[in-house]
Amino acid sequence: MDTNKEQLRQRMKDSPRLKRFLDYLIMNQRDARPRWYVRLLAPLYQHRSSGSKIYWSVRMDTPPYRRFWLGKRSIVESYCCINNAVGDVTIGDHTRIGIHCTVIGPVCIGNHVNLAQGITVTALNHNFSDSIQRIDEQGVSTQPVVINDDVWIGANAVILPGVTIGRHCVIAAGAVVTKDVPDNTLAGGVPAKVIKSLTALATPHSQRENS
């Protein structure tokens with residue numbers, strides 16, 4: 001079943017004309033979200049693993065020509081917005097997307113990740129290099145965002161396009177992350193910088209056993 005879905009998505013990606021036609025049928029052009037009858041069918045084409053939960057108030061802007069994947073026992077909390085209209089959104093196992101978060105693909109979030117409240121994770125930028133055209137005439141560009149396993153992101157942080165956050169990282173509340181964050185680090189500030197290594201803070205396993 002999943003193989004058939006991926007083949008259909010690939011066919012739409014390979015045919016711009018077909019994609020434009022289906023985009024008109026699927027997306028409300030004014031509201032920039034799937035039409036009401038598409039949203040009714042969303043549970044049929046979204047992948048929600050066992051034990052996962054999406055609260056009823058979440059705005060799921062997930063047209064079927066892009067991939068949405070929610071891993072085992074993962075939760076998307078109230079009043080979030082998940083948007084995969086310009087890129088796939090995949091969320092791993094045992095991950096929590098907190099209240100009022102916004103995730104705009106292409107975004108890949110790993111396992112055991114915790115996003116606090118009011119976080120924006122976006123891989124999308126509006127183009128603005130042409131000073132003659134209006135900005136809303138210049139289209140958009142995307143750079144994938146990757147958040148690896150075992151990451152905690154504090155409230156109201158912003159993760160911008162093209163960023164990769166390594167394993168076992170903490171992003172401080174209110175940080176604006178514009179560059180990659182290496183494994184095992186705490187980053188914070190505007191723009192975010194590495195504050196300290198989390199490896200140095202860890203107590204060796206042998207010491208814990210002897211204490």
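Leaving aside neighbours within four places in sequence, Arg 39 is in contact with Arg 33 and Pro 34, where contact means that heavy atoms lie within 4.5 Å. Arg 39 belongs to helix 3, residues 36–40, and at 32% relative accessibility Arg 39 counts as partly exposed; buried means under 20% relative accessible area, exposed means over 50%, and partly exposed covers the range in between, with a 1.4 Å probe and protein chains only. The C-alpha atoms of Arg 39 and Met 27, which are 12 residues apart along the chain, are separated by 10.0 Å.

The structure is a predicted model, in which local features need pLDDT of at least 70 and side-chain atom pairs count only at pLDDT 80 or more, while totals for chains, interfaces and linings use all residues. Residues are numbered from 1 along each chain as its sequence is written, and side-chain values use heavy atoms, with hydrogens and water left out.

The chain contains 5 helices and 24 strands, these being DSSP runs numbered from the N terminus (H or I of at least four residues for helices, E of at least two for strands). Of the 211 residues in the chain, 41% are buried, and the accessible surface comes to about 12,100 Å², of which 54% belongs to carbon and sulfur atoms; accessible areas come from the Shrake-Rupley method with a 1.4 Å probe, and for residues only the protein chains shown count as cover. Among contacts between residues at least 6 apart in sequence, 22% join residues at least 24 apart.

Strands of a sheet pair through backbone hydrogen bonds, either parallel or antiparallel. In this chain, an open sheet of 6 strands follows the order 5-8-11-14-19-22 with parallel pairing, two strands being paired if DSSP finds at least two bridges between them. The edge strands are strand 5 (59–61) and strand 22 (176–177), each of which pairs on one side only. Within this order, strand 11 (residues 102–104) and strand 14 (residues 120–122) run parallel and are joined by 3 bridges, and Ile 104 stands opposite Thr 122 in strand 14.

A further set of pairings involves strand 23 (residues 185–188), both faces of which are covered, since Thr 185 and Ala 187 on one side and Leu 186 and Gly 188 on the other are all buried. Strand 23 runs parallel to strand 21, to which 2 bridges join it, and Val 170 stands opposite Leu 186 in this pairing. By contrast, strand 23 runs antiparallel to strand 24 (residues 193–197), with 4 bridges between them, and the bridge partner of Leu 186 in strand 24 is Lys 196. The hairpin of strand 23 and strand 24 has 4 residues between the strands, and Gly 189 there takes a positive phi near 105°.

The loop between strand 7 (75–76) and strand 8 (81–83) holds Ser 78, which is buried with a relative accessible area of 18%. Not counting residues up to four places away in sequence, Ser 78 touches Tyr 55, Ser 57, Val 58, Ile 99 and His 100; the C-alpha atoms of Ser 78 and Ile 99, 21 residues apart along the chain, are separated by 5.1 Å.

Side chains of opposite charge can pair when their charged atoms come close. The count comes to 5 salt bridges, a salt bridge being a side-chain nitrogen of Lys or Arg within 4 Å of a carboxyl oxygen of Asp or Glu. In one of them, the side chains of Arg 59 and Asp 61 meet at 2.8 Å, N to O; Arg 59 is partly exposed at 32% relative accessible area, whereas Asp 61 is buried at 2%. Another salt bridge links Glu 77 with Arg 96, the closest N and O atoms being 2.5 Å apart. Glu 77 lies in the loop between strand 7 and strand 8 and Arg 96 in strand 10 (residues 96–97), so the pair ties together parts that are 19 residues apart in sequence. Glu 77 counts as buried at 15% relative accessibility, while Arg 96 is partly exposed at 35%.

Asp 149 likewise forms a salt bridge with Arg 167, with the closest N and O atoms 3.1 Å apart. This pair links distant parts of the chain, 18 residues apart, with Asp 149 in the loop between strand 17 (145–147) and strand 18 (151–153) and Arg 167 in the loop between strand 20 (164–165) and strand 21 (169–171). In addition, salt bridges that share partners join Arg 134, Asp 136 and Glu 137 into one network.
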